Amino acid sequence: MAEEAEEEDEAEYHSRDFAWEDLRDEIESDASLSHHLLSSSLPSSSIGSSSTSSSIDADAWRSFHHRHSTGRFFKERRYLLKEFPELVSCCDSVKVLEVGCGNGSTVLPILRAGRNTVVYGCDCSEDVLERAKEIVSAAKGIHIKDRFHPFLLDFSIHSFPEWLVCSSCQCSLGGKCVDFSLDGHREKPSKSNAPFMGEDQCCIGGVDFVTLIFTLSAVPFDKMSLIIERCASTLKPGGLILFRDYGLYDMTMLRFSPDQRVGSREYMRSDGTLSYFFSLDVARDLFCAAGLVTLELEYCCIRSVNRRNGKTMRRVWVHGKFQKPMPNPS
Ligand SMILES: C[S@@+](CC[C@H](N)C(=O)[O-])C[C@H]1O[C@@H](n2cnc3c(N)ncnc32)[C@H](O)[C@@H]1O
């Protein structure tokens with residue numbers, strides 16, 4: 001993980017250095033890499049089984065954050081605003097939900113991008129949320145008072161809390177009226193879990209943007225549809241999910257050994273955390289199934305040189321923007 005983060009940081013994110021199709025042809029004709037291509041006999045659902053209070057995938061991440069409690073892996077994603085310029089806002093008040101916020105690598109540039117932007121960041125690890133708070137509070141050049149609201153959530157198991165968007169506002173905003181009571185408890189707004197809300201407010205009324213930045217790849221494939229549906233349910237009509245994650249045939253995928261493969265394009269690191277590698281087709285299908293419209297979807301292919309060993313690395317990320325449609329006028 002640490003090595004991946006370092007390699008990501010060194011790359012030029014906003015360029016397109018090679019054609020993904022050329023890389024695909026090369027990988028798919030290389031017999032030594034055939035173990036990445038064979039259809040898998042292990043269904044991904046076998047690794048994501050969950051209890052009602054915690055998921056196995058979240059447990060692995062909690063341990064990861066507990067072991068790496070120094071914040072050493074914190075790297076602000078400075079390229080983010082180049083990729084998602086809609087996050088730059090000079091005056092309007094903008095609400096963003098950062099899903100799987102970790103130690104705040106994505107939160108920080110978004111807070112810097114607009115002085116009226118408010119970020120709600122969730123993660124399954126209390127340790128990392130504490131660290132995110134410290135890092136954001138200590139950051140130079142941003143006034144964050146009342147603009148960053150971290151909260152604890154295992155989104156593999158629970159829906160987003162009622163204070164983000166309550167069931168009745170969700171229906172009146174033209175969203176799918178999902179009965180969230182069916183999938184466990186859904187946290188009601190209170191002074192302790194949503195101290196920023198006014199006495200007479202039922203919820204914050206949904207968000208303008210949901211960011212899914214290297215988070216979806218960290219959960220079992222069979223949970224992704226439900227998680228995207230939950231994310232979409234927090235969006236205002238016309239709001240966007242901004243997506244960036246590992247792409248099919250990224251160098252880090254090819255480094256996994258055959259025994260680390262736990263599903264098709266799905267791998268488990270030695271510490272139990274998961275990594276999935278998206279094709280454009282899979283990403284499109286997942287987001288469209290949640291009722292979202294694809295605005296942008298492409299591979300981002302970057303050639304960079306590892307400063308430590310001089311080796312050339314071909315990195316592949318998937319970049320996507322998906323919109324929640326406006327309700328039909330009746
Ligand atoms: C690779 S990190 C990405 C962090 C951040 N989005 C960024 O841009 O750096 C994935 C994050 O998702 C969180 N995560 C994984 N599974 C989760 C779950 N089931 N519920 C909540 N958070 C989860 C992990 O704790 C981790 O912080």
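**View 1. Polar contacts of the ligand with threonine 215, aspartate 123 and arginine 77**. In this predicted model, a ligand nitrogen atom sits 3.4 Å from an N or O atom in the side chain of threonine 215. A ligand oxygen atom is 2.6 Å from an N or O atom in the side chain of aspartate 123. For the side chain of arginine 77, the distance from a ligand oxygen atom to an N or O atom is 2.8 Å. On its own the ligand has 590 Å² of accessible area, and the protein covers 94% of that area. A polar contact is a pair of N or O atoms within 3.5 Å; within protein, one must be able to donate a hydrogen and the other to accept it, and residues adjacent in sequence count only if both atoms are side-chain atoms. Accessible areas use the Shrake-Rupley method with a 1.4 Å probe; for residues, only the protein chains shown count as cover. Residues are numbered from 1 along each chain as its sequence is written, and side-chain values use heavy atoms, without hydrogens or water. Because the model is predicted, local features need pLDDT of at least 70 and side-chain atom pairs pLDDT 80 or more, while totals for chains, interfaces and linings use all residues.

**View 2. The shell around the ligand**. The ligand has 22 residues around it (a heavy atom within 4 Å), and Arg77, Gly100, Thr106, Asp123 and Asp154 come nearest. Helix α3 (residues 56-67) gives the largest share, four residues. The shell divides into nine nonpolar, eight polar and five charged residues. Here Ala, Val, Leu, Ile, Met, Phe, Trp, Tyr, Cys and Pro count as nonpolar, Asp, Glu, Lys and Arg as charged, and the others, Gly among them, as polar.

**View 3. The open sheet of seven strands**. The strand order is β3-β2-β1-β4-β5-β10-β9, and the pairing is mixed. The edges are β3 (148-152) and β9 (293-305), each paired on one side only. Neighbouring strands are turned by 15° against each other on average, direction ignored. Strands β4 (residues 207-213) and β5 (residues 235-246) pair in the parallel sense over six bridges. Threonine 211 has leucine 242 in β5 as its bridge partner. Strands pair if DSSP finds at least two bridges between them. Helices (H or I, at least four residues) and strands (E, at least two) are DSSP runs, numbered from the N terminus.

**View 4. Helix α10 and the hairpin of β9 and β10**. Helix α10 (residues 280-289) lies across β4, β5, β9 and β10 (312-323). It runs at about 145° to β9. Contact means heavy atoms within 4.5 Å. Axes are lines fitted to C-alpha atoms, for helices over the stretch in contact; angles run from 0 to 180 degrees between N-to-C directions. β9 and β10 pair in the antiparallel sense over 12 bridges. Isoleucine 302 has arginine 315 in β10 as its bridge partner. Six residues lie between the strands of this hairpin, where glycine 310 takes a positive phi near 75°.

**View 5. The open sheet of three strands**. The order is β6-β7-β8, with antiparallel pairing. β6 (261-263) and β8 (274-276) are the edge strands. The twist averages 35° from one strand to the next. β6 and β7 (residues 266-268) pair over two bridges. Glycine 263 has glutamate 266 in β7 as its bridge partner.
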